[in-house]
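User: I would like to go through this model by question and answer. Please keep the replies short and end each on the item asked for.

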Amino acid sequence: MSGLTNRYDFVVLFEVINGNPNGDPDAGNLPRMDPETNHGLVSDVSLKRKIRNYVEFARDGQPGHAIYVQDGAVLNEKHREAYKAIRSEQSTGDKLTPKDDAEAILLRQFMCDNFFDVRTFGAVMGTGINCGQVRGPVQMAFARSIEPIMPLEITITRMAATSEKEKDDTKRSDNRTMGRKHIVPYGLYRAHGFVSAKLSERTGFGEQDKELLFEALANMFEHDHSAARGEMTTRKLIVFKHETALGNAPAHQLFDRVRVGRNVDGEFRLPGERGLDNLPPARAFSDYLVQIDRDGLPTGVELIERL
Amino acid sequence: MPYGIKLHVSGPYACFTRPEMKVERVSYDVMTPSAARGILEAIHWKPAIRWVIDRIHVLEPIRFQSIRRNEVGQKVPVNKVKSALKHRSLDGLRLLCDQDRQQRASTVLTNVAYVIEAHFEMTSRAGDGDNEGKHLDIFNRRAERGQCFHQPCLGTREFDARFRLLDPAEAMPPAITEDRELGYMLWDIDHASAERSAMFFRATMTNGVVNIPQPGAAEICR
């Protein structure tokens with residue numbers, strides 16, 4: 001597999017309805033927020049996790065599409081057994097490093113050829129000095145909501161008790177356990193990503209992989225439904241294709257061409273504009289307008305609306 | 001100082017991890033020279049040249065935020081890859097992220113902007129076809145057009161850096177008016193030595209500007 005010949009930058013817009021897009025382990029699983037502005041955040045690793053999960057579903061068992069960093073929940077027992085077998089066999093604690101550079105290259109090559117996520121996002125391999133760092137061509141940044149979010153705490157109850165002791169607790173009424181859920185009633189989030197053609201040459205991330213990456217970005221939430229997430233959907237995927245490997249324009253100038261604002265009776269208003277605070281909060285994608293400035297694109301840059 | 005360049009870099013987040021606090025990452029107050037070098041190398045680098053950072057101008061107030069994430073505690077074990085390569089089977093070659101989970105907080109900088117002042121020197125690996133003018137032209141051309149080898153980042157890859165080349169005639173954007181002792185700060189890693197030792201210097205920010213010692217200077221400690 002050879003690499004790409006074009007650089008790409010992309011913008012993803014995704015929404016959440018009555019769900020928690022990315023819990024903050026520091027804040028009791030409240031949706032992540034920027035403490036200064038109350039904008040919602042979704043970490044880069046959260047989005048990468050979803051891409052990995054999608055590829056695992058969509059290309060299960062196909063050569064070259066194994067996933068290295070796996071979510072244990074989707075593994076079947078057979079895999080788990082294999083994992084355990086390898087683990088115990090290796091508990092000798094020996095540190096091994098490749099004999100020489102040639103072997104290190106061979107090992108890196110093997111990982112890139114077989115694992116989609118190593119080829120895409122890279123991986124740090126091994127215990128030795130510089131024996132195998134794979135830097136992947138795809139880089140993603142934190143996603144941020146267009147407007148400040150307002151998480152709600154929903155208290156829920158469960159009829160069953162966990163243990164006999166809990167059941168007998170006199171303080172509990174009707175054997176009920178109370179739980180909490182944090183949801184964002186509505187949030188439209190924007191994420192930026194980069195695909196370096198030069199780094200793709202090194203890992204062998206090719207045209208098909210790039211297509212699969214964009215397919216995954218468009219569909220990643222369709223296969224990630226859970227009680228916590230609510231309804232999440234990718235709404236827009238806008239790709240900037242550069243004619244050359246190094247690129248034809250700064251990424252931030254291209255990103256600035258995609259503007260998301262509030263829809264006030266069909267009129268576009270930038271978030272934070274005066275008077276917008278009189279408006280009811282956004283509760284649907286139709287409360288937003290996405291403006292894409294296609295005029296006067298820098299030469300050699302093509303705007304592709306994938307979704 | 002001939003062949004100097006000035007690059008404006010900015011972003012919503014940055015994490016220039018202190019080596020003494022890298023399990024739960026804590027960023028330095030200011031971009032390190034090695035991070036600045038990495039940004040320049042992301043735009044243009046060849047073995048024939050070596051970037052030397054002269055000054056770092058801090059344009060935005062130094063502020064922090066904490067972010068906790070689920071991370072994996074392991075790297076890819078080389079011997080597992082070796083055995084998979086030998087047996088032509090991927091069984092067992094995976095990382096179960098929910099069984100090897102570490103929740104780590106990162107104390108990162110928010111809303112940063114810097115101007116990196118730097119120049120480059122030719123190395124012993126420069127060939128006949130290499131000269132300063134050529135590499136300077138390539139760098140300036142790329143930086144002006146927003147071209148890069150890969151998107152530069154502010155410390156870690158999830159915090160991408162916006163960059164803009166400052167014209168030599170352009171006025172320097174105003175730095176923050178603050179003096180601060182930054183203590184011992186990483187200067188760079190000595191990639192030439194086998195043990196890849198870290199090199200430090202005592203960083204001082206004067207009126208928002210950190211002067212960086214040149215390679216081989218007495219201020220650089222190992």
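Analyst: Contact here means heavy atoms within 4.5 Å. The model is predicted.

User: Which residues does V72(B) touch, not counting residues up to four places away in sequence?

Analyst: V72(B) sits in strand β3 of chain B, which covers residues 64-72. With residues up to four places away in sequence left out, one partner comes from chain A and the others from chain B. The residues touched are V69(A), L95(B), C97(B), D100(B) and Q102(B).

User: Why does V72(B) count as partly exposed?

Analyst: Buried means under 20% relative accessible area and exposed means over 50%, with partly exposed in between. V72(B) falls in between, because its relative accessibility is 27%.

User: How many Å separate the C-alpha atoms of V72(B) and F139(B)?

Analyst: Along the chain, V72(B) and F139(B) are 67 residues apart. In space, their C-alpha atoms are separated by 37 Å.

User: What pattern does chain B follow along the sequence?

Analyst: Chain B contains 3 helices and 9 strands. Its C-alpha trace spans about 60 × 45 × 35 Å along the principal axes. Read along the sequence, the order of elements is β-α-β-β-α-β-β-α-β-β-β-β.

User: What percentage of the residues in chain B is buried?

Analyst: The accessible surface of chain B is about 10,100 Å², and carbon and sulfur atoms account for 49% of that surface. Of the contacts in this chain between residues at least 6 apart in sequence, 73% join residues at least 24 apart. Among the 222 residues of chain B, the buried share is 53%.

User: Which element gives the most residues to the largest nonpolar core?

Analyst: The largest nonpolar core has 52 residues, and L7(B), V30(B), M31(B), Y114(B) and L154(B) have the most contacts inside it. Elements of chain B that each supply at least two residues of this core include β1 (5-14), α1 (33-43), β5 (101-122) and α3 (132-145). With 7 residues, the element that gives the most to this core is β5(B).

User: How many residues are in the other core that lies apart from it?

Analyst: Among the members of this other core are F116(A), F121(A), L212(A) and M232(A). The core has 35 residues.

User: Which of its residues does α7(A) keep buried, and what span should the helix have?

Analyst: The buried residues are D209(A), K210(A), L212(A), L213(A), F214(A), A216(A), L217(A) and A218(A). What covers them includes β1 (8-19), α1 (44-58), α4 (116-121), β8 (138-140), β11 (177-195) and β12 (231-242) of chain A. The helix, residues 207-219, has 13 residues, and its end C-alpha atoms are 18 Å apart. This agrees with the span expected at 1.5 Å a residue, which is 18 Å.

User: Which residue pairs with E71(B) in a salt bridge, and are the two buried or exposed?

Analyst: Side chains of opposite charge can pair when their charged atoms come close. The closest N and O atoms of E71(B) and R25(B) are 2.4 Å apart. E71(B) lies in strand β3 and R25(B) in the loop between β1 and α1 of chain B, so the pair ties together parts that are 46 residues apart in sequence. The partner of E71(B) is R25(B), and both residues are buried.

User: How many residues apart in sequence are the parts that E121(B) and R50(B) tie together?

Analyst: The side chains of E121(B) and R50(B) meet in a salt bridge of 2.8 Å, N to O. E121(B) is partly exposed at 26% relative accessibility, and R50(B) is also partly exposed, at 40%. Because E121(B) lies in strand β5 and R50(B) in strand β2 of chain B, the parts tied together are apart in sequence by 71 residues.

User: Which residues are joined into one network by salt bridges that share partners?

Analyst: R180(B) forms a salt bridge with E178(B), with the closest N and O atoms 2.9 Å apart. R180(B) is partly exposed at 27%, and E178(B) is partly exposed at 26%. Shared partners extend the network to R18(B), E20(B), D29(B), E178(B) and R180(B).

User: How many salt bridges are there over all chains?

Analyst: A salt bridge needs a side-chain nitrogen of Lys or Arg within 4 Å of a carboxyl oxygen of Asp or Glu. By this rule, the count over all chains is 39.

User: Which residues form a nonpolar patch on the surface together with M150(A)?

Analyst: M150(A) is found in the loop between β9 (143-148) and β10 (152-158) of chain A. M150(A) counts as exposed because its relative accessible area is 59%. The patch has about 340 Å² of accessible area together, and the other members are L152(A), I154(A) and I156(A).

How values were computed:
Residues numbered from 1 in each chain as written. Chains lettered and ligands numbered in written order. Predicted model: local features only at pLDDT ≥ 70, side-chain atom pairs only at ≥ 80, totals over all residues. Heavy atoms only, no water. Patch = residues over 30% accessible without salt bridge, like charges linked within 9 Å, V, L, I, M, F, W, Y side chains within 5 Å. Areas by Shrake-Rupley, 256 points an atom, 1.4 Å probe, with all protein chains shown as cover. Helix = DSSP H or I, 4+ residues; strand = E, 2+ residues; numbered from the N terminus. Buried < 20%, exposed > 50% of the residue type's maximum accessible area, 1.4 Å probe, protein only. Expected span 1.5 Å × (residues − 1). Core = buried A, V, L, I, M, F, W, Y, C linked by side-chain atoms within 4.5 Å.
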